[in-house]
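Here is a briefing for a reader who is meeting this structure for the first time. Please look over the sequence and the model before going on to the notes that follow.

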Amino acid sequence: MLFRSGSIPGALAAGRKAPPAAAAPQDPTIRLLGHGAEVAAIDLHTIGGRAAPRVGQHLAHLTGGRFTGATLSSTSGLSCAGPGGPVPFGALSGADRALAWIAVQLTLVEMAAARQPAPLIYDDPLALLGDGEQRVICRLLQGLGGRTQVLHRTRLASVGEHADARLEA
C-alpha cells in the first residue's frame, strides 16, 4: 500500500480553518473505505463499523483527546466525536483533517496486515504536522512495523530516531 502526503485532502497548514460548510471538501474517506473493503474482502457497509473504533482510538491519541471517537459510513464518510458533538470530515480544521486522514489510513493498513502483511510505503506524511503529532505517528508506525514492513520517506531528520534503520541520500 502506498500513501503519499499529497493524498491528504484539504488544507494542511496547522491552525488553518476549514472552509465554510457550503465549500467543505468532499469526504475522501468514502473512497478509502471502498479500497479497504476490497483488500479486506468484506462489503463496504461492514468495514466502516469494524474500522470506526480503531480510527477513534488513533484519532484520540493523535489529537491529545480533543476527539474521543469516530464513526465511518459508506455514504456519509467520517465523523469525529468532539466535545460539542459529531464533526463531519469536511468541517474539521486543516490540521485535524490531516490527522483524521492518517488515522483512517493506519487503521485500514492494520486491518489488511492482520489478514496478509504487505509493505506500507508512506511518503512524508509528517511534513506539515507539529512535533508532538510527528512523534505520535512515528510511534504508531513503529507498532505497525511489528506486523508488516513500513517504509517511511521523510525530509525531517528529527523523525529518523524512531526508525529501526535509515537510508540517507
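## Salt bridges

In this predicted model, Arg54 and Glu110 form a salt bridge in which the closest N and O atoms are 2.9 Å apart. This pair links distant parts of the chain, since Arg54 sits in helix α2 while Glu110 sits in helix α3 (residues 94-115), 56 residues apart. A search of the whole structure finds 3 salt bridges, and the points below take up the other pairs before turning to single residues, the strands, the chain as a whole and the confidence of the prediction.

**The network around Glu110**

- Glu110 also forms a salt bridge with Arg147, and here the closest N and O atoms are 3.8 Å apart.
- This second pair again links distant parts of the chain, with Arg147 in the loop between α4 and β6 and Glu110 in helix α3, 37 residues apart.
- Through shared partners, these salt bridges join Arg54, Glu110 and Arg147 into one network.
- Which residue of the network counts as buried at 11% relative accessibility? That residue is Glu110, which counts as buried because its 11% lies under the cut-off of 20%.
- Arg54, at 31% relative accessibility, counts as partly exposed, and Arg147, at 42%, counts as partly exposed as well.

**The pair Arg66 and Asp96**

- Arg66 forms a salt bridge with Asp96, the closest N and O atoms being 2.8 Å apart.
- The two residues belong to distant parts of the chain, Arg66 lying in the loop between α2 and β2 (69-73) and Asp96 in helix α3, 30 residues apart.
- Arg66 has a relative accessibility of 41% and so counts as partly exposed, whereas Asp96 is buried, with a relative accessible area of 9%.
- When neighbours within four places in sequence are left aside, Asp96 is in contact with Thr63, Arg66 and Phe67, so that its salt-bridge partner is found among its contacts.

**Two residues of helix α2**

- His58 lies in helix α2 (residues 44-62), where its relative accessibility of 2% makes it count as buried.
- Which residues does His58 touch, not counting those up to four places away in sequence? They are Ala103, Leu106, Thr107, Glu110 and Leu140, and the list thus includes Glu110, the residue that forms salt bridges with Arg54 and with Arg147.
- Ala60 lies in helix α2 too, but with a relative accessible area of 22% Ala60 is partly exposed.
- Apart from its neighbours within four places in sequence, Ala60 is in contact with Gly65, Phe67 and Thr68.
- From Ala60 to Cys80 there are 20 residues in sequence, and the C-alpha atoms of the two are 9.5 Å apart in space.

**Strands β5 and β6**

- Strand β5 (residues 120-123) and strand β6 (residues 150-153) run parallel, and 4 bridges join them.
- Between β5 and β6 the chain crosses through helix α4 (residues 131-145), and this β-α-β crossover is right-handed.
- One residue pair may serve as a landmark here, with Leu151 in β6 as the bridge partner of Ile121.

**The chain as a whole**

- The chain has 4 helices and 6 strands, and from the N terminus on its elements follow the order β-α-α-β-β-β-α-β-α-β.
- Of its 169 residues, 43% count as buried, and the accessible surface comes to about 8800 Å², with 55% of this area belonging to carbon and sulfur atoms.
- Among the contacts with a separation of 6 or more, 65% are between residues 24 or more positions apart.

**Confidence of the prediction**

- The mean pLDDT of the chain is 77, and 78% of its residues reach 70 or more.
- Among the elements, strand β4 (residues 85-88) has the highest mean pLDDT, at 94, and strand β1 (residues 2-4) the lowest, at 43.
- Over residues 1-24 the pLDDT stays under 50, although the model has 53 contacts beyond four places in sequence for this stretch.
- Where pLDDT is low, the predicted coordinates should not be read in detail.

How values were computed
Residues numbered from 1 in each chain as written. Predicted model: local features only at pLDDT ≥ 70, side-chain atom pairs only at ≥ 80, totals over all residues. Heavy atoms only, no water. Pairing = 2+ DSSP bridges. Right-handed = clockwise from strand over helix to strand, strands pointing away. pLDDT = per-residue confidence, 0-100. Contact = heavy atoms within 4.5 Å. Buried < 20%, exposed > 50% of the residue type's maximum accessible area, 1.4 Å probe, protein only. Areas by Shrake-Rupley, 256 points an atom, 1.4 Å probe, with all protein chains shown as cover. Salt bridge = Lys/Arg side-chain N within 4 Å of Asp/Glu carboxyl O.
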